[in-house]
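Please look over the sequence and the 3D structure shown here before reading on. The report is written for someone meeting this structure for the first time.

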Amino acid sequence: MGSLGSYLDMDTDGRKANVLKYECLLFDMDDTLYPMSSGLNLACRKNIEGFMLQHLHIEESEVPRMCLELYREYGTTMAGLKALGYEFDDDEFHAFAHGRLPYEKLKPDAVLRNLLLSMPQRKIIFTNADKGHAAEVLKRLGLEDCFEGVICFETLNPPVETANYTDALDNNAVLAGVEVELNVLDDDADKESSHSKPRILCKPSLEAVEAAIQIANVDPKKTIFFDDSARNIASGKAAGLHTVIVGSSALVPGADYALNSIHNIKEAIPEIWEDEEEQQEQVIQSSAVETVVLA
């Protein structure tokens, strides 16, 4: 995966390249690029519960309920724990939650790889996970070179002292490089306290989606967002993105498309492979046929 670069509208002959209807594809990773049936989701939740029990010493009988409720309210259990005032190292949490996952259950996906490589748009991962987990998943799936980069936990939650999204993470699969000023404190009045800590920025908050759009430097009107979470899809639509719910045959609020599997993408959204000129020609041809029939 590379870092952000310049994208020109000219082909190798210097002629104006065809303009694509969509310029960027923004993909969630877990349970989107691979099915939930892999078991990683359940294993991760068990690891998080273990962290809450062993490191935060939360009452064992309360852990499962608390884990789920915090996930529902804050987007991730980690974000909820931080919001409640629990103090722990982010890297230690991620190492505990992801370090013992059954990654061996993920196999190279040649079908998805070929689909991704055939797409002419920029392709970017947008995940709440940390960069280490993202790198491992993409490597296991054989997709590590299919994406321009990754917007992950570290991208949206840089060290407090930097206070922006500058490229302090090198070009190792993490997109950064632009400064985005976000009010991450619950109240501006808290600024007077030097000990105020920023809340964790993550999906499904609209602020997180808008930050990802700025970091990736994309036009939401020309970007498709793929995610398995109905809450994330709703936020993506609120941010102006085209949206695809993955892992469901039924549309959810805010979704433009529904895919049972990410493998169905070409049948469901063929316009990804078409430019606007081709689509206009199809509309004209369709209108001409309709005129003949009506006559």
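What follows describes the chain as a whole, then one helix, one pocket, and a few individual residues.

## The chain as a whole

This is a predicted model, and its protein chain contains 11 helices and six strands. Of the 295 residues in the protein chain, 45% count as buried. When contacts between residues at least 6 apart in sequence are considered, 63% of them join residues that are at least 24 apart.

The structure holds zero disulfides. For background, a disulfide is a covalent bond between the sulfur atoms of two cysteines. Two of the cysteines can be placed by their accessibility: Cys-24 counts as buried because its relative accessibility is 1%, under the 20% cut-off, and Cys-202, with a relative accessible area of 6%, is buried as well.

## Helix α1

Helix α1 runs over residues 40-54, and its 15 residues should span 21 Å at 1.5 Å a residue, a figure that agrees with the 21 Å between its end C-alpha atoms.

Which residues of α1 are buried? They are Leu-40, Ala-43, Cys-44, Asn-47, Ile-48, Glu-49, Gly-50, Phe-51 and Met-52. The elements that cover the buried residues of α1 include α2 (63-74), α3 (77-83) and α4 (90-98).

## The second largest pocket

The second largest pocket holds about 840 Å³ of space, and 36 residues line it. Among these lining residues, Asn-41, Cys-44, Tyr-71, Gly-75 and Thr-76 lie nearest the centre of the pocket. Cys-44 therefore appears twice in this account, as a buried residue of α1 and as a residue of the pocket lining, with the burial resting on a relative accessible area under 20%.

Several helices contribute to this lining, since α1, α2, α3, α4 and α9 (230-238) each supply at least two residues, and the largest share, five residues, comes from α1. Sorted by class, the lining has 17 nonpolar, 11 polar and eight charged residues.

## Asp-227 and its contacts

Asp-227 lies in strand β4, which covers residues 223-227. Is Asp-227 buried or exposed? With a relative accessible area of 0%, Asp-227 is buried.

Leaving aside neighbours within four places in sequence, Asp-227 is in contact with Asp-28, Thr-32, Lys-203, Asn-232, Ile-233, Val-244, Ile-245 and Val-246. One of these partners, Lys-203, also takes part in the peptide bond described next.

## Backbone features

Most residues other than glycine have a negative phi, and most peptide bonds are trans. The peptide bond from Lys-203 to Pro-204, however, is cis, with omega near 15°, and Pro-204 lies in the loop between α7 (153-156) and α8 (206-216).

Two residues other than glycine have a positive phi here, namely Asp-31, at about 65°, and His-57, near 55°. Asp-31 is found in the loop between β1 (24-27) and α1, and with a relative accessible area of 10% Asp-31 is buried. His-57, by contrast, is found in the loop between α1 and α2, and at 64% relative accessibility His-57 counts as exposed.

Technical notes: Residues numbered from 1 in each chain as written. Predicted model: local features only at pLDDT ≥ 70, side-chain atom pairs only at ≥ 80, totals over all residues. Heavy atoms only, no water. Helix = DSSP H or I, 4+ residues; strand = E, 2+ residues; numbered from the N terminus. Expected span 1.5 Å × (residues − 1). Buried < 20%, exposed > 50% of the residue type's maximum accessible area, 1.4 Å probe, protein only. Contact = heavy atoms within 4.5 Å. Disulfide = S-S within 2.5 Å. 1 Å grid on protein atoms, 1.4 Å probe; cavity = no way out; pocket = protein on both sides within 12 Å on 5 of 7 lines; lining within 4 Å. Points joined across faces, edges and corners; volume = space filled by probe spheres on them. Nonpolar A, V, L, I, M, F, W, Y, C, P; charged D, E, K, R; others polar.
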